Amino acid sequence: MRWRRCFELRRFRQASWDEPLIKELSRPGRVGNLIPTDSKIRSKYKDPAALIPASVRRDSVNLPELSELQVLRHYNRLSQMNFSVELGMYPLGSCTMKYNPKVSETIAGSDGMKYAHPLQPPETVQGLLSIFYELERALSEVTGMSRFSLSTSAGAQGELAGVLMIRKYLRDHGESGRDEILVPDSAHGTNPASAAMAGFRVVKVPSDENGQVRAKVVEALCTDKTAGMMFTVPNTLGLFESEVAEVSAAVHSAGGLMYYDGANMNALLGRARPGDMGFDVVHLNLHKTFATPHGGGGPGAGPVGVSRKLADYLPVPVVTKGKKGFALDYDLKHSIGPLKGFVGNSAILLRAYVYIRLLGATGLADVSSLAVLAANYLWKSLDPEAFVASHGNELLRKHEAVVSVKSELPGAALSVAKAVLDYGMHAPTVYFPLIVHEALMLEPTESEPVEVLDEYAAALNEIYRKMKGGALGDVPRNTSVGRVDEVKASHPMTLRVHW
């Protein structure tokens, strides 16, 4: 099988876990650059250091002294210790780690983007502002919202913006006593955190045996204290919430507003719109759904959109179009204010715009169709005796599938995930959602061909057979870093000073 060949190649090219720092490779007098010695060239350029003003020049920068070959080998070895979507499938459930088209990278690296400065006068960046204006309109069409602000830099910040808008809107309408936000038990952890940061009390909404929220349960939890509900559709079990319209109606009847967590929008592109389901606020993770670089700490983009009645509450600036062209508007009447400097992470916004324009309406619909097909194919390729759907086993999944590892061994899901690394593959998300016992969360996205899905399923099935037979052992064994001490990894280190 191909994954075996890939594994063998990866095993021999892995760098050692104790790869030295580049500073430790340094030797006095060793150089990796060539300064021209020709007298004519030297007379033309003189001493390069002389071009730097004496007031800011350092006599010694204490840089490592290495040859060009040493530098090249060092950083190539380090690169082999990393995994990326360009090496293989990255099935982190809920994170939507899909391929980023290189044409988007090329355009984002063009001079018009690279050399733009946020303090430039608007008349000098009309091209970029026009793109951001068109992107806002496209996102509004995709979600069924009236208007978007592009400035928020990630999904969690989009969430915070959303609940802050809900709070301000209610206070402006004499409803300051509404201080509760409903959040399903299957929600992303950022949902209750964002609600709490905005000053709300979080009310947990239980899911039923099929992993879905029922309108009657929501209706019973709604009171005159209800400010709104944060809802993810499809939910983090990969299931479409079949009563989402009824849930929205129940919250609205109680006087609250509906917030849509767009983390799983990859399942709905071109097929369904949150605005048509009754949502008042939406955030989108452009660095997930619209294929821009994701992971490694950012940057991200989490634009937030709203229905017409909340349009003046958006965080500023928003891009406007007038007689004199495009501009950034900081003067929305009821705005919650700025949450990030300037328009947002411009290069990420540009990449997402390119992705949308490349695919168009039909292409975006194909994205969701293929993502749903891949998730269900991978799920059905797993051994049903080993990996069991914990909720709604008869229901088709959307963009991701969550299974429970059937084992009496403690930490079974973690062991399976660690073993996957020995096959030269990336592990799925583990132990989320919290309502699933020994959870593995798989999201292959629309990017992967069927051969890769077959290989991944075969690896998981084989790993389970080894674990059941007691032959799995301490995994991983063939990676740059072996099994990490989970306790030490999750707790801050204590610095001990010996006198």
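Tutor: Before we look at Trp 379, note that a charge sits over a ring if NZ of Lys or CZ of Arg is within 6 Å of the ring centre and within 35 degrees of the ring normal. This is a predicted model, where local features need pLDDT of at least 70, side-chain atom pairs count only at pLDDT 80 or more, and totals for chains, interfaces and linings use all residues. Residues are numbered from 1 along each chain as its sequence is written, and side-chain values use heavy atoms, with hydrogens and water left out.

Student: OK, so which residue lies over the face of Trp 379?

Tutor: Lys 380 does, at 4.2 Å from the ring centre, and the charged end of Arg 397 also sits over the ring of Trp 379, 4.6 Å from its centre.

Student: New topic: how many aromatic pairs are there?

Tutor: There are seven, where rings of Phe, Tyr and Trp (its six-membered ring) pair if their centres lie within 6.5 Å, and planes under 30 degrees apart count as stacked, over 60 as edge-to-face and the rest as tilted. The rings of Tyr 133 and Phe 326, for instance, have centres 5.4 Å apart and planes at 55°, so this pair is tilted.

Student: Is Phe 326 buried or exposed?

Tutor: Phe 326 counts as buried, at 16% relative accessibility, whereas Tyr 133 is partly exposed at 24%; buried means under 20% relative accessible area, exposed over 50%, and partly exposed in between (1.4 Å probe, protein chains only).

Student: And which residues do ring pairs link into a cluster?

Tutor: Phe 231, Tyr 260 and Phe 279.
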